Structure formats: C-alpha cells, structure tokens
Amino acid sequence: MKSLVSALALLLVLAASVRADEIRLKDGSKIVGTIVDFENDSFKVQTAYGFALVRKDSIAQIIPSEPARPSEPAKTVPPAPAPAASSASAATSSPGVRPGPRPAATTSGPGSASPGPGVARSSAPASTPAAPAVAATASPMPAPNPRPSSSAAPPAAAPAAAPAPAPAPPVAPVPIRELIQGNLYTNQTYAFQFYRPPGWELIPEARKALPNAIAALGTGDETTLFVVGRDNLRDSLDAHSATSERALRQIYENYRPLSSMRRTVAGLPAVEWRFRGVADGHDWSVTVLALAHGNDVFTLLGMTYADSDLIQIRENVIAKMISSVQFTSAR
C-alpha cells in the first residue's frame, strides 16, 4: 500500500508552475517543487499546493533550480571631494603662504563616514530580495569646476543582491476531529459528513501519509478505499479537475477513462469522472469528484479492486458515499 499512498499524495497535492527543483520520473513525467526531506526511500517534495512523496527508485533525474548568487556586503559610497576654494588654491600655489587647517567634517554632513540615505544597507527584508538602487553622496551646492580632477573618486560599486530567504518552516497540520456514529461519519474540523458503510474503518495511516487528506476510510483488507482531500480553490473547478486528471494519467498504468460529467453534490457544483488503471500491482476502478465549497475544493476519491467479483457492489457503495456528502456549515 506504500506506493498506493504515494499515488494518492501526488493526486491530492497538485504542483503549480513555480520556480523550484524539477524532478523527472522514469515514466517521462515530471514534478516541480522543492525537496525538503527524505524518509523511507522517498523524497518529500514541497509544491505550491502542499507536499508530495516520490519514491527514490522512480526518479530518473533531479534538476535543481538555479542557485542564488552569493551575496557580498554592501559597500559604502565614498563622499565626493569638497571643491577647492579659489583663495585656498592661491594660498597653496604661493610658496610663502602656508595653508590653514581644513575644517573637520561633521557627522551629519555629506562628507560624513556614516552612509547617507541613498546608500543601500546590507540587511534587506528577507521575504522580498530586490536589487536596491544606490545614489552617490555629494556636497550640497558644489562650486563649478570646469577642469577635470585627476583625483576624482572612483565610481561606487553597486551592492550585491540580498541573500536568498531561508525556506519557511513547515506549517503544523491542523488536528482532525472526526466522529463515527453508526453509519454516519462526521468531520468536525471541516464541518462535513457522509454515509459510512457497515464494517468500514478509519485508516489513520493513509491520512497521515497524505499532506492534504482530511479523511480516509476503507474495508479491513484495504481492497476498497475512500479518501477526502481539501485544498484552496486557486482556479476554476474545471481547471482543477483537468489538472487532477493529468496527474492521474501519470500515476496509473493502462489508464482507461470511462465517463466524465458535471453534477451537483450537497447543492454545490462538482465535476466527476471515472476510469480504470493499474497501481500497486492491481487493476483499480476509480471514481473522482472535485467539489467546490466556498474558497475550498474537496477531492473525493473512491477506489476498489476492478478484478473482484464484488466490483459492482463496491462501486455502488462508493457512489452512495459521494452522494451522501453534506456540509454542516457554510463558507
């Protein structure tokens, strides 16, 4: 069942097109995300929609994203030299006249050693690294000097970009509060319920392995499963369903679509499609339904052995579970 759980993780965690590591699988597909952990011979990949577990032996190549350029400490722009006064120049050029002491620069003037407001500081905000603009510090109202000075200050070097921000720590999962009363399953955390077939059990191991799965039930022999996932609806329901189906085509071998239709569940718009495919060494009959509820999208996935004599009965049970879904609060 480990490979099956990984397949469900890839279904419920749909990667968005962001700049991150590119993981190419041996079957020709690819996953875009950031590798954050490695456990049980599987990579944990963070995508824009959550986390996915990818087995090491299914990976053909990992192409990391372009590393951030090493940063250098910001350099203070040297102040422009103060223009020489005509009287001071005359005193210097006359051999019998000793020039007087030069006035010391004040800490608030343009010639101060402290960087002015136009000089970028070395600590930029960690969340938005941007190339800062640098303005040269100059004395106010400088006297005109038509002759170029040989001792002019060199042009200031632009400071390097701020260092790349450290990856955000993983968000702790929301504790799931669920209740079974006879033939009724209730998810108190996300306020929904559905029909629970007699003899079906909670499968917490499957729920823990799926980053955005919030419910998982099945038969004791795990030949029939029903998993509910939740995510933010970032696009239209049709676009979400199309992305889910593309992911399923990559997960299951011998993918054979059976039907697809729009329907209403719990008074809400939904898209349902059915197919058969091979995973974990078995031929499965799978029903998937994407249901929009406020700003969320719930993915209901029911699957059973397609080579079982009880396939028709179990497909009817899955259909009854999907049709019985009700939300106990509005969003």
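This passage describes the surroundings of S29 and the pairing of several strands in a predicted model.

The residue S29 lies in the loop that connects strand 1 (21-25) with strand 2 (30-39). Its relative accessible area is 8%, and since buried residues are those under 20%, S29 is classed as buried. The side chain of S29 is joined to that of D27 by a polar contact of 2.7 Å. When residues up to four places away in sequence are not counted, S29 touches I23, R24 and Q250. Of these, I23 and R24 fall within the residue range of strand 1 (21-25).

Strand 3 (residues 42-47) pairs with strand 4 in the antiparallel sense, and six bridges are found between them. Within this pairing, Q46 has F51 of strand 4 as its bridge partner. Strand 4 (residues 50-55) is mostly covered, as five of its six residues are buried.

A further arrangement is an open sheet of four strands, which follow the order 6-7-8-16 with antiparallel pairing. The edges of this sheet are occupied by strand 6 (178-181) and strand 16 (326-327). Each of these two strands has a single partner strand, so one side of each is left without a neighbour in the sheet. Strand 7 (residues 184-187) and strand 8 (residues 192-195) run antiparallel and are joined by four bridges. In this pair, L184 is placed opposite Y195 of strand 8.

Key:
Residues are numbered from 1 along each chain as its sequence is written. This is a predicted model: local features need pLDDT of at least 70, side-chain atom pairs count only at pLDDT 80 or more; totals for chains, interfaces and linings use all residues. Side-chain values use heavy atoms; hydrogens and water are left out. Buried means under 20% relative accessible area, exposed over 50%, partly exposed in between (1.4 Å probe, protein chains only). A polar contact is a pair of N or O atoms within 3.5 Å; within protein, one must be able to donate a hydrogen and the other to accept it, and residues adjacent in sequence count only if both atoms are side-chain atoms. Contact means heavy atoms within 4.5 Å. Two strands pair if DSSP finds at least two bridges between them.
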